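Reader: Hey, got a minute to walk me through this chain? I'd like the fold before the details.
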Amino acid sequence: MTRRSIAVTLLVVVALVPAGLLLLQVFGGSAWAVPLRHDPGISWTLLTERPRYRVLRDYAEPGATRSLHQHADATWHVLTLATGTLVLTVDGEAPVKLSAGQSYSLKGGVTHTFTNLGTETATIIEVFGKRRP
């Protein structure tokens, strides 16, 4: 190989690897998500982490339940269901059934849980406002 072909090859690799990793992050699905040890069938992927907000993509396999939890650093919390169906239970409120495309706003730090009662994997986008550092 000539120096020129090596340089071109390296340039292509340097350009394509980050683009490929970004595509896997955005479109990679649950195979690239981190499973929660305490909640079988629940996994998550960090999409964005900024000083003022955080964005996660969660997956809930059919029949999976996210244990009762809260996000102590959240000042507000919006959960949007991209695919599937969920029953969301927020502390002190009646359970709510969510279908794909629906969103639900929670108060920051409130205790909540959800269960996928459907037959397909539920994809959830969560956005959290964070306390100022």
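Author: Sure, we'll go from the overall fold to the sheet, the core and then one glutamate. Keep in mind that this is a predicted model.

Reader: Ok, how many helices and strands are in the chain?
Author: The chain has one helix and 10 strands. In sequence order the pattern is α-β-β-β-β-β-β-β-β-β-β, with the helix at the start.

Reader: And what share of the residues is buried?
Author: Out of 133 residues, 30% count as buried. The chain exposes about 8300 Å², and carbon and sulfur atoms supply 63% of that.

Reader: What about contacts between residues at least 6 apart in sequence, how many of them join residues at least 24 apart?
Author: That comes to 63% of them.

Reader: Now the sheet. What's the strand order in the open sheet of six?
Author: It runs 1-2-3-10-5-8, and the pairing is antiparallel.

Reader: Which strands stand at the edges?
Author: Strand 1 (34-35) and strand 8 (103-107) do. Each has a single partner strand, so one side of each has no neighbour in the sheet.

Reader: Start at the strand 1 end. How many bridges join strand 1 to strand 2?
Author: Two, and the strands run antiparallel, with strand 2 covering residues 42-49. Val34 sits opposite Trp44 of strand 2. The two strands make a hairpin with six residues between them, and Gly41 in that turn has a positive phi of about 90°.

Reader: And what joins strand 2 to strand 3?
Author: Seven bridges, again in the antiparallel sense, with strand 3 spanning residues 53-60. This is also a hairpin, with three residues between the strands. One facing pair here is Ile42 and Ala60, the latter in strand 3.

Reader: Hop to the other edge then. How many bridges are there between strand 5 and strand 8?
Author: Five, with strand 5 (residues 74-83) and strand 8 running antiparallel. Leu79 stands opposite Tyr104 of strand 8.

Reader: Switching topic: what's in the largest nonpolar core?
Author: That core has 15 residues, and the ones with the most contacts inside it are Ala60, Leu79, Leu86, Leu88, Phe114 and Ile124. Strand 5, strand 6 (85-90), strand 8 and strand 10 each supply at least two of its residues.

Reader: Which strand gives the most?
Author: Strand 6, with three residues.

Reader: Ala60 came up twice. What does Ala60 touch, leaving aside neighbours within four places?
Author: Ala60 is in contact with Gly41, Ile42, Leu86, Phe114, Asn116, Glu120, Thr121, Ala122 and Ile124. So the list includes Gly41 from the strand 1 to strand 2 turn, as well as Ile42, the residue opposite Ala60.

Reader: Last one, Glu126. Where does Glu126 lie, and is Glu126 buried or exposed?
Author: Glu126 lies in strand 10, residues 122-130. Glu126 counts as buried because its relative accessibility is 3%, and the cut-off for buried is under 20%.

Reader: A glutamate in there, huh. What does the side chain of Glu126 make a polar contact with?
Author: The side chain of His77, at 2.6 Å.

Reader: And what else does Glu126 touch, beyond four places in sequence?
Author: Besides His77, Glu126 touches Arg54, Val55, Leu56, Asp58, His71, Val78, Leu79 and His112. Among those, Leu79 is also one of the core residues with the most contacts.

Reader: How far is Glu126 from Leu46, C-alpha to C-alpha?
Author: Their C-alpha atoms are 9.8 Å apart, while along the chain the two are separated by 80 residues.

Terms used: Residues are numbered from 1 along each chain as its sequence is written. This is a predicted model: local features need pLDDT of at least 70, side-chain atom pairs count only at pLDDT 80 or more; totals for chains, interfaces and linings use all residues. Side-chain values use heavy atoms; hydrogens and water are left out. Helices (H or I, at least four residues) and strands (E, at least two) are DSSP runs, numbered from the N terminus. Buried means under 20% relative accessible area, exposed over 50%, partly exposed in between (1.4 Å probe, protein chains only). Contact means heavy atoms within 4.5 Å. A polar contact is a pair of N or O atoms within 3.5 Å; within protein, one must be able to donate a hydrogen and the other to accept it, and residues adjacent in sequence count only if both atoms are side-chain atoms. Two strands pair if DSSP finds at least two bridges between them. Accessible areas come from the Shrake-Rupley method with a 1.4 Å probe; for residues, only the protein chains shown count as cover. A nonpolar core is a set of buried Ala, Val, Leu, Ile, Met, Phe, Trp, Tyr and Cys residues joined through side-chain atoms within 4.5 Å.
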